[in-house]
Number of protein chains: 2
Amino acid sequence: MSVEPLPNIDRSTLRERVLRALRSAITSGAYRPGDHLGEVELAGRLGVSRGTVREALRHLQQEGLVTAGHRGMLRVNTLSAEEIRGLFRVRAALEGLAVTEIIARPDRSAAVAALRAAVDELAGAGEDFAAKVEADLGFHVRLCELSGNPMLVESWRHLEGRIRVTIMNRDPEEAPAMMTPGRHAPIIEAIERGDLPGALAVVEEHMAAAADHFTSTPAR
Amino acid sequence: MSVEPLPNIDRSTLRERVLRALRSAITSGAYRPGDHLGEVELAGRLGVSRGTVREALRHLQQEGLVTAGHRGMLRVNTLSAEEIRGLFRVRAALEGLAVTEIIARPDRSAAVAALRAAVDELAGAGEDFAAKVEADLGFHVRLCELSGNPMLVESWRHLEGRIRVTIMNRDPEEAPAMMTPGRHAPIIEAIERGDLPGALAVVEEHMAAAADHFTSTPAR
DNA sequence: CTCCCTCCGACTGTCGACAGACTACCTGCC
DNA sequence: GGCAGGTAGTCTGTCGACAGTCGGAGGGAG
């Protein structure tokens, strides 16, 4: 009998695929903040039933990507400057916990190597804006994952949608300044030194700078 | 024309009411961790359609109260000891941010008064286990709310379901030791003194003790 | 010209039904 | 007696339809 590799069968439900499609459409900027997301229109455009779209939209609502407006109508979420500042303070707290746990772990050097690889991806993204965003967020997710605390990852991911709309709502010309290897390297170095206070301060400063950036840069 | 007070009309959707009913049923212990939650059975018991129950269940899944088992079947979530420890470390990080922001605010004394009121509720709960749980969680939610950072509250609430199943999965005879006014007062005192490092240490210790408690106490 | 009433269109809320997939059991053959 | 194959039962996945509610356009009365 043949042992040829068979293609992996996609076992995801239709709802999951619709969810990914909608999330991607929003975070890629195809839908602008404030845009109305009608169930019938989306269902027709995606070729699925309303119920399926509805479940995906409800999921995105809990993620904070879309928000309920008048009469339950859903719109792409818009974050105020104050919300953005709060969001990045929460991120600082979560990622501060991440570096705390990483430094406390015995395999710290492995984590450092993984983080360096993530920064390399960021450097290799070149001028591709979308790739830069993915690499930047990839670094921070990796940071949380390396803590070995799944609940921390879960909490961070709960904020991910809001982070993405914040980034995508800004002028792509302005954003790259935040997503450079140079802004992430100090975090790794502090972890490598085992310098917990220093690492916390760097993370704090990183997030404060990002919050400043996204609240001062004009929305596109 | 009469200005008599009219009763408030409940504008919540059926889905929201089902959601609250299910959440309450789980966190009150009516359903035990691991119990299967069938859509048809719940729909029949609640007298609503499957779709409505389904949406509520999906919401609870995102909250972490229920988890998908084999073939998409949902069950009441069970947290491992490791997950509980991670959960309380994330809580410590979030509530640490809360006290940080409270201490930085100009109206710190108002926050102190509000927190004292919350502790009084805890003291007044007497021996009623459910009331104690509500008062305890009420204190910690209040703590987050008083930070003035809605995103922080949102993140905390995202963990609330998991916190509740952790509490309710323990023997009610053992739990009250964690939920005393004496365990919460030091947090308030440190905030009142404006002692940020002290407040952080107290929160950290509070959460570590809770995690120890819930991972050493036998599941009922 | 303005205001009010009515009708129409659009959107979400809720429901019942069909289909697909997996389990467990049961039967018949070796 | 054991195993392969078939077969009912049960659960979720997905769909289409009906109903309720709101906003706005349009027409008629003052």
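## A tour of the two protein chains and DNA strand C

Begin by selecting chains A and B of this predicted model, where a rotation of 180° with 0.0 Å of shift along its axis brings chain B onto chain A at an RMSD of 0.0 Å. The two copies are thus related as by a two-fold rotation axis, and to place that axis in the viewer you can select Ala93(B), whose C-alpha is the nearest to it in chain B, at 2.9 Å. Staying with the pair, note that 100% of the interface residues of chain B are also interface residues in chain A, so the copies meet through the same surface.

Next, select DNA strand C together with the 20 residues that surround it, of which the closest are Arg11(A), Arg54(A), Leu14(B), Thr52(B) and Arg71(B). By class, this surface comprises nine charged, six polar and five nonpolar residues, and of the strand C atoms within 4 Å of the protein, 68% belong to sugar or phosphate, the rest being base atoms.

Now go to individual contacts. At Arg54(A), a polar side-chain atom lies 2.7 Å from a phosphate oxygen of DNA strand C, while at Arg15(B) a backbone N or O atom lies 3.4 Å from a phosphate oxygen of that strand. Moving on to Arg71(B), you find an N or O atom of its side chain 2.8 Å from a base nitrogen of DNA strand C.

Finally, colour the elements that give two or more residues to the surface near DNA strand C: in chain A these are strand E1 (36–37), helix H2 (39–46) and helix H3 (50–63), and in chain B helix H1 (14–27) and helix H3 (50–63). H3(A) gives the most, with three residues.

Notes
Residues numbered from 1 in each chain as written. Chains lettered and ligands numbered in written order. Predicted model: local features only at pLDDT ≥ 70, side-chain atom pairs only at ≥ 80, totals over all residues. Heavy atoms only, no water. Near = heavy atom within 4 Å. Polar contact = N/O pair within 3.5 Å; in protein donor to acceptor, adjacent residues only side chain to side chain. Helix = DSSP H or I, 4+ residues; strand = E, 2+ residues; numbered from the N terminus. Nonpolar A, V, L, I, M, F, W, Y, C, P; charged D, E, K, R; others polar. Least-squares fit on C-alpha atoms with pLDDT ≥ 70 in both. Contact = heavy atoms within 4.5 Å.
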